[in-house]
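Trainee: Could we go through this one together? I'd like to see how the labels get earned.

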Amino acid sequence: MSRTVAVIGLGHMGAPMAASLVKAGHRVRGHDLVPEALDGAARAGVEPAASAAEAVADAETVVTMLPTGGHVLGLYDTVLAAARPGTLFVDCSTIDVADARTAHERAVAAGMRALDAPVSGGVAGAEAATLTFMAGGPEAEFAEARPLLEAMGRKVVHCGGPGAGQAAKICNNMILGVSMIAVSEAFVLGESLGLSHQALYDVASTASGQCWALTANCPVPGPVPASPANRDYRPGFAAALMAKDLGLAADAARAGGVRAELGFRAADLYATYAERVGTGEDFSGIVRTIRDRSGD
Ligand code: NAD
């Protein structure tokens with residue numbers, strides 16, 4: 001069934017997600033602060049709106065894809081007053097769990113309904129509509145959002161109540177960040193022991209060291225031809241985004257008194273590395289930092 005959907009935030013992720021909704025037959029009204037983003041989305045069939053308030057005015061569902069929790073809460077101040085009562089707000093940005101819960105509360109207090117639904121899969125996943133969505137919020141809101149999420153992704157998981165989607169996202173990415181460092185350190189250790197990358201890969205990929213960081217996003221060139229290491233670490237999943245997600249996980253761990261020793265260390269290492277490379281390098285490029293620092 002066709003719906004009227006507002007998409008706010010038409011950046012790397014939001015633009016292709018809005019395009020997927022258009023392709024699935026929905027009427028999509030889009031808004032972004034950057035005029036070029038609006039023009040690009042218009043070429044994909046999105047109806048450009050001059051303001052966020054205008055975009056949400058007659059929407060049944062509002063999808064937000066913004067950089068941080070501050071952006072989401074700031075935007076909600078405006079749009080919750082402009083939307084029709086009962087509108088479903090689906091925030092797909094990766095933000096702090098506490099901010100996600102605040103966003104839910106504000107939406108409900110304003111007579112709206114809300115779901116957090118961050119994604120995994122990156123820009124390529126958004127373009128191919130193969131994202132994984134992890135949702136947090138009431139069952140009815142999840143059921144209503146599901147067809148829209150399925151138009152933008154391949155897998156949709158209901159993780160629990162408000163904030164549960166964000167919780168799943170940062171826990172997953174903490175596993176990923178820590179495991180990428182572990183895999184990178186193992187390759188550098190192997191190098192110092194005279195072990196070839198291929199030999200370590202052939203063993204670890206079918207032994208107990210097996211993980212996604214090794215078999216899908218292998219940090220050294222050769223064993224996995226599609227991994228960013230084979231194209232000089234062009235992203236992929238940018239180092240700066242991994243640093244952001246690990247920072248969110250570390251903050252949540254501290255707030256909850258969780259002794260996530262490796263998570264804290266991974267957040268520090270990625271923060272330092274991302275300061276240098278920003279969004280220009282895939283997060284697997286941290287192997288070069290580990291190798292360079294090993295000579296010290
Ligand atoms: P981006 O910076 O490319 O896009 C964000 C867009 O939001 C920008 O175009 C910006 O102009 C717009 N924006 C900011 N404030 C606004 C406002 N008040 N009103 C309207 N537009 C506004 O970021 P992105 O890469 O698309 O990421 C978006 C979110 O998705 C982030 O939370 C990120 O962590 C998450 N994410 C990104 C990836 C990825 O690979 N890029 C993967 C998974 C999750």
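Here is our chat about a helix pair, a ligand shell and a record entry.

Mentor: Keep in mind that this is a predicted model.

Trainee: Okay. What makes H11 roughly antiparallel to H12?

Mentor: Look at the crossing angle. The axes of H11 (residues 239-255) and H12 (residues 261-277) cross at roughly 150° and come within 8 Å. Angles over 145 degrees count as roughly antiparallel, so H11 gets that label relative to H12. As for handedness, the crossing of H11 past H12 is left-handed.

Trainee: Which residues in H11 meet H12?

Mentor: Among them are Ala 239, Met 242, Leu 246 and Ala 253 in H11, while the H12 side includes Phe 264, Tyr 270, Tyr 273 and Val 277. The contact of H11 with H12 has 16 nonpolar residues, two polar and no charged.

Trainee: Why does Gly 247 count as polar there?

Mentor: Gly 247 is part of the H11 side of the contact. The polar class takes in Gly, so Gly 247 goes there by definition.

Trainee: And the ligand: which residues come nearest?

Mentor: Gly 9, Gly 11, His 12, Met 13 and Thr 94, out of 26 residues around the ligand. That shell divides into 15 nonpolar, nine polar and two charged. H4 (69-82), H6 (122-128) and H11 each supply at least two of its residues.

Trainee: How do you know where the domain sits?

Mentor: That comes from UniProt: an unreviewed entry places "3-hydroxyisobutyrate dehydrogenase-like NAD-binding" at residues 163-289. In the model, that span is 62% helix and 0% strand, with its end C-alpha atoms 34 Å apart.

Terms used
Residues numbered from 1 in each chain as written. Predicted model: local features only at pLDDT ≥ 70, side-chain atom pairs only at ≥ 80, totals over all residues. Axes fitted to C-alpha atoms, helices over the stretch in contact; angles between N-to-C directions. Helix = DSSP H or I, 4+ residues; strand = E, 2+ residues; numbered from the N terminus. Parallel < 35°, antiparallel > 145°, perpendicular 65-115°, else oblique. Left-handed = near helix turned anticlockwise from the far one by under 90°. Contact = placed C-beta atoms within 7 Å. Near = placed C-beta within 6 Å. UniProt positions renumbered as here; feature names shortened; annotations may be inferred.
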